Amino acid sequence: MRKSSKFGFLALLLLSLFALVACTNSDSSSSEKDGNEGKTEKEVVTTEEGKTVISFWHAMSGAGQTSLDAIVADFNASQDKYEVQAEFQGSYEESLTKLRSVGGTKDAPAITQVFEVGTKYMIDSGFVEPIQNFIDKDKYDLSQLEENILNYYTVDDQLYSMPFNSSTPVMLYNKDAFKAAGLDPEKAPETFSEVIDAAAKLKTDDMKGFSMLTYGWFFEELVATQGGLYVNEENGRAGDATEATFNGPEGLNAFNFLDTMNKAGTFGNFGTNWDDIRAAFQSGKVAMYMDSSAGVKGIIDNAPFEVGAAYIPYADEVKRNGVVIGGASLWMSKGIAEAEQEAAWEFMKYLTTPEIQARWHLETGYFAINPSAYEEQNVKDAWEVTPQLKVTVDQLQSTEPSIATQGALISVFPESRQQIVTALENLYQGMDAQEALDAAAEGTNRAIEIANKTK
Amino acid sequence: MRVWKKLILYFLLIVTSIIMFFPIIYAFMISFMTGGEILSGKLLPSTFSLDNYVKVFDRLPLFNYLINSFVVSLGVMLGQLVVCSLAAYAFVFISFKGRDFIFFLFISTMMIPWEATMIPNFFTIQKLDWINTYQGMTLPFFALAFGTFLLRQHFKTIPKELHEASQIAGLSKFGFFFRVVLPVSKTSLVTLGAYGFLTTWNMYLWPLLVTTNNSVRTVQIGLKQLQSQEVATEWGVVMAGVIVVIIPTLLLLFLGQKQLQKGLTQGALK
């Protein structure tokens, strides 16, 4: 008797559990519908003065946030039709995860800032309105924007999102250390073998010659500047990529470059944290390293020695192709009221004006997506003081537009970057370069395969 | 001989306390330094300027964040105390069919990591339209298996005779709970309360998920906003923020130290 009651109870429990699950399912589907219906009614939030209010999700913290908040406040004050509310949503990864859970519902923001490797994911997600629609409708002149930045975000001849904060890698070096080692501080090494030679000369007991952050982005750049592709199907831009190609000769060149210095003891490994490698450079533990162009200004301001900026190195046997941009762009949500989309578009146009871009470039170190910003007087003055900033812009503008420098397009980029990090760590531990690369390529292939299947 | 022993003991105590306290002292020192000083690895700032503190209050609505953190942490703490003590009371003093089974089912939820339930919880909150509200930030944490377990173990040490005596004296079930069980378990309640408060105070991901603007955000999100991703972080400002944020928790710890110690050691001895 007791036993049966126990089982009966268990059955009851299971049943209620199922009922609960079923409930939540029907709940979610019905309220999703509710959400969509709400959208078709086009309810628009307005302020007391009748301004259309839109929210703008961003991932800018620190100095970027200070600057962005000021720009948004200026936009709100500059006209009386729209009110943008800039809201911080955590790191790029965190805000993308949040967007995934609210995308397409009424909680979704009008504008979201998404990092460059999330491009493919956003296009596939189905909850974005391609910016191209507004460009066509408004006859907005795209040619005023930086071509090499637009190239990245243009897919199938459509511009999906408005580029916003863009950066590229640069090589920074300690000019004082160059002098001490008898090298010319005004002429930075350009090719892999030149860097290897310089690193050997620069190495002292407490200073390593060269370092690179253990981060997939830098490896991608070293491959791209040789004209190498990251994945097949023309870097994923002709169709869905099915296979990684970064373990080809270009990738091997880059790995051998790092391996040679590592074996010679001239390479310093400072891990995966941006702040660690910067601290190492500032305290004179490494003479040359690769950093983001957005970080250059902070380094120059804080370094107790003279800092030089140079283009990233490339393999001796090829010509320099240039760099792929990184950073983030702004995406407009689909399914929101037309007035909200209008507001979002107006705000994006405001952001791309030369004055705002000049301000953005100077306050954060990101590129101006509108090159006429570089003609502004305040930018010219700042370049006068820190000519290193100009080097970063020159590197971008001298980039040869090609599939390689357009950048790869895959939806599993974060996973792939993790594979590269593991491969680099293995390489520094003494694994064979080709073997480490192949393992990373295999891992990437697996991730791509799963992503293509579940698409 | 005894003096020697004491000397060694105190020496060891001082050394370990310095090791334990070093991160906080270093953070305190960094909060006065300029960017260059930090990156060149100095231990002491050249001047004790309050620039970083001015900057941190200038950049963030830190006071609002602190108030929000207090409301949320206190809310979770009280909620946990009420729910867990009532649940534990039921598991100990009320006998019903399948009690042990339910208890073990309840306890087994401790095995499910919080992250696994995060997404369903988020959808529930979203459907209730509780995003950007205090209840959305606190309610999912009220039922805590660990807390129920902790209190149940303590309640079990209360002699059955006490229960019987109170029944003879005509106390209702709730009267017994309120006037007998709770007073004798004060130490465990304080321990659970402090645990609940501190974990909530330090929470980052959930408050970030269920808030989209600054109206109810907590201090931990504020600290995150001070750190940059690609641009160099101003660690001086970040550390000034950290110092401001840990002051309330340190105060709480100093004030409640006696109770807390008692609660923890009593639990350990049993």
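Here are a few worked exercises on the two-chain model above.

Before we start: this is a predicted model, where local features need pLDDT of at least 70, side-chain atom pairs count only at pLDDT 80 or more, and totals for chains, interfaces and linings use all residues. Residues are numbered from 1 along each chain as its sequence is written, while chains are lettered from A and ligands numbered from 1 in the order in which they are written.

**Exercise 1. Work out the make-up and overall dimensions of chain A.**

Step 1. Start with secondary structure: chain A has 20 helices and 12 strands. (Helices are DSSP runs of H or I with at least four residues, strands are runs of E with at least two, and both are numbered from the N terminus.)

Step 2. Now the box: the C-alpha trace of chain A spans about 85 × 70 × 40 Å along its principal axes.

Step 3. Check against a globule. For 455 residues, a compact globule would have a radius of gyration near 23 Å, and the 25 Å of chain A agrees with that. (The radius is taken over C-alpha atoms, and the globule rule is 2.2 Å times the number of residues to the power 0.38.)

**Exercise 2. Do the same for chain B, then look at its annotated spans.**

Step 1. Chain B has 14 helices and zero strands.

Step 2. The C-alpha atoms of chain B fill a box of roughly 75 × 70 × 30 Å along the principal axes. Chain B has a radius of gyration of 23 Å, but a compact globule of 270 residues would come out near 18 Å.

Step 3. An unreviewed UniProt entry places "transmembrane region" at residues 7–33, 65–94, 101–125, 137–155, 176–198 and 235–255 of chain B. (Positions use the numbering here, feature names are shortened, and annotations may be inferred rather than shown by experiment.)

Step 4. Take two of these spans. Residues 101–125 of chain B are 80% helix and 0% strand, with end C-alpha atoms 29 Å apart. Residues 176–198 of chain B are 96% helix and 0% strand, and the end C-alpha atoms there lie 30 Å apart.

**Exercise 3. Describe how H2(A) packs on H15(A).**

Step 1. Two packed helices are described by the angle between their axes and the distance between the axes. The axes of H2(A) (residues 63–78) and H15(A) (residues 354–364) come within 9 Å and cross at roughly 160°. (Axes are lines fitted to C-alpha atoms, for helices over the stretch in contact, and angles run from 0 to 180 degrees between N-to-C directions.)

Step 2. That angle makes H2(A) roughly antiparallel to H15(A). (Under 35 degrees is roughly parallel, over 145 roughly antiparallel, 65 to 115 roughly perpendicular, and the rest oblique.)

Step 3. The crossing of H2(A) and H15(A) is right-handed. (Right-handed means the near helix is turned clockwise from the far one by less than a right angle; anticlockwise is left-handed.)

Step 4. On the H2(A) side, Ala63(A), Gly64(A), Ser67(A) and Ile71(A) meet Ile356(A), Trp360(A), Glu363(A) and Thr364(A) of H15(A). (Contact means C-beta atoms, placed from the backbone, within 7 Å.)

Step 5. The residues of this contact of H2(A) with H15(A) split into four nonpolar, three polar and one charged. (Ala, Val, Leu, Ile, Met, Phe, Trp, Tyr, Cys and Pro are nonpolar; Asp, Glu, Lys and Arg are charged; the others, Gly among them, are polar.)

**Exercise 4. Place H11(A) relative to H20(A) and H8(A).**

Step 1. The axes of H11(A) (residues 249–264) and H20(A) (residues 433–453) come within 9 Å, crossing at roughly 130°. That makes H11(A) oblique to H20(A).

Step 2. H8(A) (residues 192–202) and H11(A) have axes that come within 10 Å and cross at roughly 15°, and are therefore roughly parallel to each other.

Step 3. The contact uses Phe192(A), Ile196(A), Ala199(A) and Ala200(A) of H8(A), with Asn253(A), Phe257(A), Thr260(A), Met261(A) and Ala264(A) of H11(A). By class, the contact of H8(A) with H11(A) has seven nonpolar, two polar and no charged residues.

**Exercise 5. Dissect the side of chain B that touches chain A.**

Step 1. Here 28 residues of chain B are in contact with 37 residues of chain A.

Step 2. H6(B) gives the most to that side of chain B, with four residues.

Step 3. The residues on that side of chain B divide into nine nonpolar, 13 polar and six charged.

Technical notes: Two residues are in contact if their C-beta atoms, placed from the backbone, lie within 7 Å.
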